[in-house]
Amino acid sequence: MKPQDQLVRRYEGNPILTAADWPHTVNAVLNAGAVRLSDGTTLLLCRVEDRRGISSLWAVRSADGVSDWRIDPEPALLPDPQEHPEEAWGVEDPRIVRLEELGRYAITYTAYSQAGPAVSLLLTPDFRSYQRVGVVMPPADKNAALLPVRYDGRWLMLHRPDIHSGSNIWLSESPDLIHWGRHRLLLAARRGAWWDAAKIGLGPPLVRTERGWLMFYHGVRITAAGALYRVGVALLDVDDPRKVLMRGDEWVFGPSERYEREGDVGGVVFPCGCVLGSDSETLDLYYGAADTSIGLARVSIPVLLDWLETHSSEPAPQSF
Ligand code: BMA
């Protein structure tokens with residue numbers, strides 16, 4: 001096996017969750033946010049797509065983060081088209097970050113409607129009760145996550161607007177989680193033949209390491225057979241996350257197994273959540289496979305950071 005193939009190792013029991021695990025008929029279970037709760041339980045907030053095509057969010061819990069998933073009896077978040085017309089076509093792809101200062105988890109998710117995908121924010125103290133903050137980034141925007149701490153008194157959010165200049169990762173600031181500004185381009189899709197040329201978007205929330213904020217992002221390449229969704233890495237400055245320190249040139253994780261190549265949208269791996277192991281070095285990535293099921297893959301953070309040191313191209317300065 002080549003070293004690149006060992007950077008991200010799949011769990012041999014994949015997929016860990018599928019539509020067949022649900023107590024009622026659903027089309028697909030995919031793109032889950034993830035968090036380890038204070039009692040050690042791993043909680044996944046799964047996007048569950050019904051057979052109309054509309055998605056809702058369901059919490060599932062496991063003691064070891066791998067097996068024996070218990071599905072909460074009620075969904076965590078159902079679209080509410082009456083009160084929240086921005087959710088008319090569903091709620092999708094959550095990312096979860098613990099905000100210690102507020103004693104809350106912040107869940108950023110895609111609110112989908114005829115206006116396009118928007119970023120909405122949901123707060124919860126315990127994954128039992130939820131408070132909608134509402135739309136924080138108007139359409140078309142998705143793939144958002146907060147940073148867990150303020151910088152200079154302001155919250156930071158990474159997100160992916162779809163605009164004239166392309167589908168790239170932006171960073172915005174807020175004093176109160178409601179009003180967002182100081183928007184700036186952080187990381188742009190590459191061009192031409194690159195694996196991340198068509199568009200890029202944040203994967204799970206950033207992971208703090210000794211060498212910087214580790215970012216996993218998905219990169220899309222359009223081929224004659226359709227889009228390929230693969231995963232790459234970048235490193236941001238811990239003192240100033242507006243600075244990209246490194247960006248891996250090759251992707252580190254891509255669709256290769258049958259459950260990643262075949263499904264509603266074949267050729268897609270799409271991580272939205274990760275959980276740090278008790279050794280503080282191992283990271284479990286939870287990813288949507290072919291927009292159909294959920295897989296688990298494991299990464300050693302030091303090994304990945306060492307790889308990045310030798311496989312990083314000079315990040316191009318970003319202009320507006
Ligand atoms: C993206 C999102 C994801 C999906 C991916 C691949 O644009 O909509 O929900 O997993 O496409 O189809």
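I began with the exposure of R211 in this predicted model, and I noted that R211 is partly exposed, its relative accessible area being 33%. I then looked up the acidic partner of R211 and found that its side chain meets that of E309 in a salt bridge, with an N to O distance of 3.2 Å. This pair links distant parts of the chain, since R211 lies in the loop between β16 (207-209) and β17 (212-223) while E309 belongs to helix α3 (residues 301-310), 98 residues apart. For E309 I recorded a relative accessibility of 45%, so E309 also counts as partly exposed.

Next I turned to E262, which forms a salt bridge with R258, and I wrote down 3.2 Å for the closest N and O atoms. Is R258 buried or exposed? I found R258 at 64% relative accessibility, and because exposed means over 50%, R258 counts as exposed. E262 stands at 47% relative accessibility and therefore counts as partly exposed.

I then checked R47 and E49, which form a salt bridge whose closest N and O atoms are 3.6 Å apart. Both R47 and E49 are buried, whereas R258 is exposed.

Which residues are linked in a network of salt bridges? I listed R154, E173, R182, D240 and R242 as the members of such a network.

Finally, I searched the whole structure for salt bridges, and the search returned 21; among them I have entered here R47 with E49, R211 with E309 and E262 with R258. As a reminder to myself, side chains of opposite charge can pair when their charged atoms come close.

Key: Residues are numbered from 1 along each chain as its sequence is written. This is a predicted model: local features need pLDDT of at least 70, side-chain atom pairs count only at pLDDT 80 or more; totals for chains, interfaces and linings use all residues. Side-chain values use heavy atoms; hydrogens and water are left out. A salt bridge is a side-chain nitrogen of Lys or Arg within 4 Å of a carboxyl oxygen of Asp or Glu. Buried means under 20% relative accessible area, exposed over 50%, partly exposed in between (1.4 Å probe, protein chains only). Helices (H or I, at least four residues) and strands (E, at least two) are DSSP runs, numbered from the N terminus.
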